[in-house]
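Please open the model in your viewer and keep the selection tool at hand. The stops below are ordered so that each selection builds on the one before.

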Amino acid sequence: MSDGTPLQSPTKRITVRAGKLTVAATGCIPRGGGGGGGAVARELAGRGVHLADIHLIEAGEDPNELVVRFLFEGSDVDQAKNAIVDWALATGYARVWFRDELCDLTDALPPTGRVSVSCPTCSAHWAENDLEFWEAVREHGGFPTTCPACGGTLPQWTVHGSDSVGSSRARPDLEMPRSTVATMMSDRARPRGARPTVEGNG
Ligand SMILES: [Zn+2]
């Protein structure tokens with residue numbers, strides 16, 4: 001990809017708030033981050049909330065690349081960039097293009113181990129720690145975004161890694177229905193292509 005390559009319509013909107021990502025399809029989201037010619041995105045950025053559109057690169061030999069365009073880039077956008085790069089590595093992307101920076105993750109080791117998320121709507125606490133789930137995440141290009149219990153939107157999951165397995169938790173873990181995982185495998189958010197090898201975690 002070069003700067004001269006025209007981008008297709010953004011496929012997802014990423015919201016980064018306090019280091020946490022939420023990914024939503026852009027179909028029902030107005031362009032520009034809620035209107036106001038970017039004023040809303042600027043207002044949110046002033047409060048540490050960053051909005052970005054992501055474009056998937058579908059052509060070429062390395063299709064698993066993301067182009068990230070912040071709707072407004074304030075001086076503190078670096079934390080949001082880091083959160084997006086960490087997420088991209090966990091979910092199987094090889095490169096992340098920002099307006100002024102390319103992060104090549106080709107040789108980076110993607111995380112494995114325990115991941116979890118709490119549903120902000122019904123409070124169900126979902127956790128996973130197996131190879132099948134990680135494969136589905138990297139095939140799909142993202143963690144599950146819908147709570148199987150209430151249907152509400154889930155933020156992207158927190159990666160705890162293998163260190164926290166068996167740690168005490170205030171709420172019992174729930175496991176995603178395997179049918180949800182199977183659906184992720186068949187419903188790709190990104191085009192087919194080489195994806196990072198998933199290391200076994202025992
Ligand atoms: Zn829920």
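In which sense do β4 and β5 pair, and over how many bridges? Select these two strands to begin with: β4 and β5 pair in the parallel sense, over three bridges, where pairing requires that DSSP finds at least two bridges between the strands. Within this pair, Leu66 has Val96 in β5 as its bridge partner.

Before going further, note that this is a predicted model, in which local features need pLDDT of at least 70 and side-chain atom pairs count only at pLDDT 80 or more, whereas totals for chains, interfaces and linings use all residues. Residues are numbered from 1 along each chain as its sequence is written.

Now show the whole protein chain as a cartoon, which has four helices and nine strands; both kinds of element are DSSP runs numbered from the N terminus, helices being H or I with at least four residues and strands E with at least two. Read from the N terminus on, the elements follow the order β-β-α-β-β-α-β-β-β-β-α-β-α.

Next, widen the selection from β4 and β5 to the open sheet that contains them, whose six strands have the order β2-β1-β3-β4-β5-β6 with mixed pairing. Its edge strands are β2 and β6, each of which pairs on one side only, and the twist from one strand to the next averages 25°, with axes taken as lines fitted to C-alpha atoms (for helices, over the stretch in contact) and angles running from 0 to 180 degrees between N-to-C directions.

At the β6 edge, select residues 95-98 (β5) and residues 101-104 (β6), two strands that run antiparallel and are joined by four bridges. The hairpin that joins β5 to β6 passes through two residues, and Phe98 stands opposite Glu101 in β6.

Move on to helix α2, residues 77-90, which has 14 residues and reaches 20 Å from its first C-alpha to its last, close to the 20 Å expected at 1.5 Å a residue; the expected span is 1.5 Å times one less than the number of residues. Colour its buried residues, which are Ala80, Ile84, Trp87, Ala88 and Ala90. They cover an arc of only 160° around the axis, which puts them on the same side of α2, the arc being that of the directions from the helix axis to the C-beta atoms. A residue is buried if 20 or more other C-beta atoms lie within 10 Å of its own, exposed if 12 or fewer, and partly exposed in between, with C-beta atoms placed from the backbone.

To see what covers these residues of α2, add elements including β1 (12-17), β2 (20-25), β3 (49-57) and β9 (158-161). Just after α2, Gly92 takes a positive phi of about 100°.

The next selection is the open sheet of three strands in the order β8-β7-β9, where the pairing is antiparallel. Here β8 (125-128) and β9 stand at the edges, each with a single partner strand, so one side of each is left without a neighbour in the sheet. Between β7 (residues 114-118) and β8 there are four bridges, and Val115 has Glu128 in β8 as its bridge partner.

Finally, colour by pLDDT, the predictor's confidence in each residue from 0 to 100: the protein chain averages 82, and 75% of the residues score at least 70. Over residues 190-202 the pLDDT is below 50. Where pLDDT is low, the predicted coordinates should not be read in detail.

Definitions and conventions
Two residues are in contact if their C-beta atoms, placed from the backbone, lie within 7 Å.
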